[in-house]
Amino acid sequence: MIIQHRPDLTENDVTPKSAYLNRRQLMLAAGGVALSGIAPAALATPPAAPPWLSTKVSNTAYRSITTDEGVTDLRDATSYNNFYEFGTGKSDPSSHAADFNPYPWEIEVGGLCDNPGTLDLESVLNGKRTEERIYRLRCVEAWSMVIPWIGIELATLLKPFQPTANARYVAFETVLRPNELRGQRSLFSFIDYPYVEGLRLDEAMHPLAFLAVGMYGEPLPNQSGAPIRLLMPWKYGFKSIKSISKITFVEQMPPTTWNLANANEYGFYANVNPQVDHPRWSQATERRIGPNGDIRRINTRLFNGYDEVASLYQGMDLRKQF
Ligand SMILES: Nc1nc2c(c(=O)[nH]1)N[C@H]1C(S)=C(S)[C@@H](COP(=O)(O)O)O[C@H]1N2
Ligand SMILES: [Mo]
C-alpha cells in the first residue's frame with residue numbers, strides 16, 4: 001500500500017478526514033490491526049500509482065457528499081475485502097495485492113454509442129474535477145462500512161460516448177489477467193471470470209453513481225479495485241465492480257457475475273432492501289464496521305438510506321425484481 005502524507009491538510013479540514021489520517025498514522029505506528037481475524041498486510045509492495053494520479057487525487061478539495069456517521073478506518077476498509085480475483089478470503093485481496101500492476105490502464109468503451117473508443121486512465125480524468133464522497137457500502141453478506149472515495153460521476157464518463165436511443169443498459173467488465181490475479185487461475189471457483197456487472201442506463205446516469213480512483217486521500221490500493229472502480233451506494237456491494245477495463249452500451253439486460261452464479265440469491269437490481277431477505281439470511285440488519293474497528297449491529301435501510309433513487313424504481317415490484 002502506498003502511504004503518503006497529504007501536504008495540503010489544513011486546520012480547516014473537516015474532522016473525519018483529519019481523524020482518519022491521524023488514525024491511520026497511529027495504526028501504522030502501532031502495526032495494529034483493528035478487526036480481529038485479519039491477516040497482517042503482505043510484505044511485498046504493490047506497484048506505485050503514477051505521480052500525476054497521486055497528485056490529482058490528493059489535491060481533491062471538493063467534498064460533495066459527507067456524512068455524520070463514523071468513517072471506517074482505512075486499515076479495515078483495505079484489509080477486509082471482497083475481490084475474488086485475489087481469492088475468496090477477506091484478507092486475500094490485501095495479501096496478494098502486490099501481484100497486480102494496474103499501470104498503465106485502459107478502458108474500452110463501445111456497443112450502442114456514436115463515439116466508441118479506448119481511453120487511458122489519464123484521459124478518463126483529464127479536464128474533470130475529482131470530488132470526495134463519503135458513501136455507505138453495504139455488502140449482501142450483511143456487513144457495512146463508511147468510506148471516503150475520490151473520483152467522478154459515472155455519467156460524466158459515459159455521456160461523451162453518446163449512447164444511442166436503443167442503448168438501455170450498460171455492461172461493465174473487470175480486467176482478465178490470470179498471470180496477476182490468482183483467483184482467475186484457480187481450478188475451482190464460485191464465479192466465472194471476467195467479473196461482469198450491469199446497470200440500467202438511467203441508474204448509470206444517476207448523479208449518485210460514482211467511479212472512484214482514490215480513497216482516504218490516496219489512489220485506490222489494488223485490493224480496493226485499482227485503478228478505477230464503480231460505487232453504487234444504494235445497491236449491494238457486488239454491483240460495485242472493481243478494476244474496470246471495459247464498458248459496453250447494450251439493449252438487453254446484460255449478464256452479471258453473482259446472478260450467473262446463483263440467480264435465486266442474487267438479482268440484477270440488488271437494491272439494498274431490509275424487507276427482502278437473502279434466502280439464507282436476513283437483510284433487516286447489518287454489522288457496521290465503524291471507526292476504531294468498532295462493530296455494531298444497526299438496522300438496514302431501503303436503498304441503503306439513499307432515498308433519492310426511489311423514483312428509478314417506481315411501479316416495480318422490488319420483491320420480484322430484487
Ligand atoms: N471485480 C470484482 N469486483 C468486486 C468484487 C469482486 O469479487 N470482483 N466483489 C464485490 C463485492 S461482493 C463487494 S462487497 C465489494 C467490496 O468492495 P471493498 O472490498 O472495497 O469493500 O466489491 C465488489 N466488487
Ligand atoms: Mo459483497
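# Why the terms apply

Me: What makes E8 and strand E9 (residues 218-219) count as paired?
Reply: E8 and strand E9 are joined by two bridges and run antiparallel. Two strands pair if DSSP finds at least two bridges between them, so the two bridges of E8 and E9 satisfy the rule. One bridge links Met215 with its partner Glu218 in E9. E8 and E9 also form a hairpin with two residues between them, and Tyr216 in the turn has a positive phi of about 50°.

Me: What lies behind these labels and numbers?
Reply: This is a predicted model, in which local features need pLDDT of at least 70, side-chain atom pairs count only at pLDDT 80 or more, and totals for chains, interfaces and linings use all residues. Residues are numbered from 1 along each chain as its sequence is written, chains are lettered from A and ligands numbered from 1 in the order in which they are written, and side-chain values use heavy atoms, with hydrogens and water left out. Helices (H or I, at least four residues) and strands (E, at least two) are DSSP runs numbered from the N terminus. Under that rule the chain has eight helices and 13 strands.

Me: Why is strand E8 (residues 210-215) said to be largely enclosed?
Reply: Buried means under 20% relative accessible area, exposed over 50%, and partly exposed in between (1.4 Å probe, protein chains only). Six of the six residues of E8 are buried, so the rest of the structure largely encloses this strand. Across the chain of 322 residues, 53% are buried.

Me: Which other strands pair with E8, and how do you know?
Reply: Strand E5 (residues 143-153) is joined to E8 by five bridges, in the antiparallel sense; there, Glu153 stands opposite Phe210. Strand E10 (residues 229-231) is joined to E8 by three bridges, also antiparallel, with Ala212 opposite Arg229. Both counts meet the pairing rule, so E5 and E10 are paired with E8.

Me: How do you know whether His278 is buried or exposed?
Reply: His278 has 5% relative accessibility, so by the cut-offs above it counts as buried. His278 is found in the loop between helix H8 (257-261) and strand E12 (285-289). Not counting residues up to four places away in sequence, His278 touches Val140, Glu265, Tyr266 and Gln283, where contact means heavy atoms within 4.5 Å.

Me: What makes the pair His278 and Tyr266 a polar contact?
Reply: A polar contact is a pair of N or O atoms within 3.5 Å; within protein, one must be able to donate a hydrogen and the other to accept it, and residues adjacent in sequence count only if both atoms are side-chain atoms. The side chains of His278 and Tyr266 are joined at 3.3 Å, so the distance falls inside the limit.

Me: Why is Ile295 called partly exposed?
Reply: The relative accessible area of Ile295 is 40%, which lies in between the two cut-offs, so partly exposed is the term that applies. Ile295 lies in strand E13 (residues 295-299). Five bridges join E12 to E13, which run antiparallel, and Thr285 stands opposite Asn299. E12 and E13 form a hairpin with five residues between them; Asn292 in its turn has a positive phi of about 60°. E12 also pairs with E5, in the parallel sense, over two bridges, and Ser144 has Arg288 in E12 as its bridge partner.

Me: Which residues come nearest to ligand 1?
Reply: Asn81, Tyr84, Glu85, Thr174 and Lys242 come nearest, out of 16 residues around ligand 1; a residue is near if one of its heavy atoms lies within 4 Å. A polar side-chain atom of Asn81 is 2.8 Å from an oxygen atom of ligand 1, and an N or O atom in the side chain of Arg229 is 3.0 Å from an oxygen atom of ligand 1. A polar backbone atom of Ser240 lies 2.9 Å from a nitrogen atom of ligand 1. Taken alone, ligand 1 exposes 530 Å², and the protein buries 99% of that. Accessible areas come from the Shrake-Rupley method with a 1.4 Å probe; for residues, only the protein chains shown count as cover.
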